[in-house]
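Visitor: Before we begin, I would like to ask how the words used for a protein model are justified. Please set each term against its definition as we go.

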Amino acid sequence: MKQFYSVWRHIGLYAAVLTGAFAVALTAAALHPVKVSALGNVDPGYGADERIEMGGHYYQVFNQGLRWEDAKAYCESIGGHLVTITNQEEETLIEDLLSIHGGVNYWMGAQKVNGRMAWVTGEDFSFANWGPGQPDHSHETCLMMYTYDNPNTGGDDSYQWNDLEPGGTYGTEPWFGLDHFGFICEWDYNVTTLTSLTIKSLPQKTDYYLNSDARLNTSGMVLKATYSDGYVSYIKSGFTCSPVRFTRLGQQKVTVSYKGHSTGFYVTVNREVKSVALRTKPNKQVYFMGEKFDPVGMKLRVTYTDETTEEVTEGFSYTPAGTLATAGQQKIVVTCGGKATGFDVTVKKAVSSVAIRKKPSKLSYAVGESFESAGMILKVTYADNTAAEISDGYTYTPVGKFTTVGQQKIVVTYSGKSTRFYVTVNS
Ligand SMILES: [Ca+2]
Ligand SMILES: [Ca+2]
């Protein structure tokens, strides 16, 4: 039997017991241990490992240093009891379990009553596997099993029994102490009735695109399985899901099944953008340095992989999102559903002042005429102290007909900066 466990330890799969080769090798088929809970469970409670079933009993090793009475109470709180070993098969099973779990000392379910060891279940204490010279002290009232030879006894103690104080110490011997203790719980009935299944953690991915890769990915999902005795197991594998492939758009439920129970969660399946194009340019296409791109008025045509199209005015991002820092033509890249398009806007230098470089050709008007700007040249000074002469792109007031005789002020504005000069209006 120990040899079998050794094999399992190396391949890490108790399920190997179910293979044909193993069944042939097994002589006591009725007693062979069967792994009960699914592989990959998250440890519940005290860092529990898997439950093992043998002959209708269930066993679980807990590598947690509790006093004997606390370990006893814990096993009882989860519907079992500290392990009782009443025959050689059970002894061998526990030895093999402990050889896998690697701790030093483990509590068992017996304690002295009137000076004699008695199982907590009331079972007959006739089978025993005492170490050399044990039991040896009346104040040592609780039963434990060594998994290694105790160097302080000099004997061959591995997997043999010893009586010890409930605190797990013998004087100051370093071999003992609760840091070197675990315990084993046993259940005498079927504890595997699953009563509820819920989602403990959703998969990392719950949004999909409707394309050829729209296959369910359950990475990160953890199920919570609750058993009839309150035992809770966290399941990361061994379940089935439906559907595993998405073929329609929208929110849809994925059903998760495990041991005849099911639960579910929702995913959202989106259309996948195949391409995006500019349908209508934004209202503002000329900027001054330091301004930010303004997408108002922009309309995109989005084409999906199912060849449907849609015109959108939102749901996109663009770069640069910050200030436009370079004068000249600047490319705005608009991204929607991972696809991008782009177009140029004009970025002008910020103007710090404007002055009349040359007045217009016509400076004398009659009432009823309107101002004519022909020939006017402005000197524009930019924030970086460069300057340019421009003859268009400005506005002026007044724009209507002159109605008053005399000197009339003409205000010329370019990029928010203004200058002025006077014309003469005659009757
Ligand atoms: Ca037992
Ligand atoms: Ca002892």
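Guide: Let us start with helix α4, whose 14 residues should span 20 Å at 1.5 Å a residue, and whose end C-alpha atoms are 20 Å apart, which agrees. The expected span of a helix is 1.5 Å times one less than its number of residues, and a helix here is a DSSP run of H or I of at least four residues, while a strand is a run of E of at least two, both numbered from the N terminus. This is a predicted model, in which local features need pLDDT of at least 70 and side-chain atom pairs count only at pLDDT 80 or more, whereas totals for chains, interfaces and linings use all residues. Residues are numbered from 1 along each chain as its sequence is written, and chains are lettered from A and ligands numbered from 1 in the order in which they are written.

Visitor: What makes Q88 exposed?

Guide: Q88, which lies in α4 (residues 88-101), has 11 other C-beta atoms within 10 Å. A residue is exposed if 12 or fewer other C-beta atoms lie within 10 Å of its own, buried if there are 20 or more, and partly exposed in between, with C-beta atoms placed from the backbone; Q88 is therefore called exposed. In the same helix, L93, I94, D96, L97 and L98 are buried, and α4 is followed by G102, whose phi is positive, near 75 degrees.

Visitor: Which residues of helix α3 are buried, and how do you know on which side they stand?

Guide: In α3 (residues 68-77), the buried residues are W68, A71, K72 and C75. They cover an arc of only 100 degrees around the axis, the arc being that of the directions from the helix axis to the C-beta atoms, so they are placed on the same side of α3. The face turned away from this buried side carries the exposed residues A73 and S77.

Visitor: What do the buried residues of α3 pack against?

Guide: They pack against β4 (81-82), β5 (105-113), β7 (142-146) and β9 (181-187), where two residues are in contact if their C-beta atoms, placed from the backbone, lie within 7 Å. Just after α3, G79 takes a positive phi of about 85 degrees.

Visitor: Why are β24 and β27 called edge strands?

Guide: An open sheet of 3 strands runs in the order β24-β26-β27 with antiparallel pairing, and two strands pair if DSSP finds at least two bridges between them. β24 (351-358) and β27 (387-390) each have a single partner strand, so one side of each is left without a neighbour in the sheet. Neighbouring strands of this sheet are turned by 25 degrees against each other on average, direction ignored.

Visitor: How do you know that β26 and β27 pair?

Guide: Strand β26 (residues 377-382) and β27 share 4 bridges in the antiparallel sense, set against the at least two that the definition requires. One residue pair shows this, since K379 has E389 in β27 as its bridge partner.

Visitor: Which strands form the open sheet that contains β19, and which of them stand at its edges?

Guide: That sheet has 3 strands in the order β17-β19-β20, with antiparallel pairing, and its edge strands are β17 (273-280) and β20 (309-312), each of which pairs on one side only. β17 and β19 (residues 299-304) pair over 6 bridges in the antiparallel sense, and L278 stands opposite L300 in β19.

How values were computed
Axes are lines fitted to C-alpha atoms, for helices over the stretch in contact, and angles run from 0 to 180 degrees between N-to-C directions.
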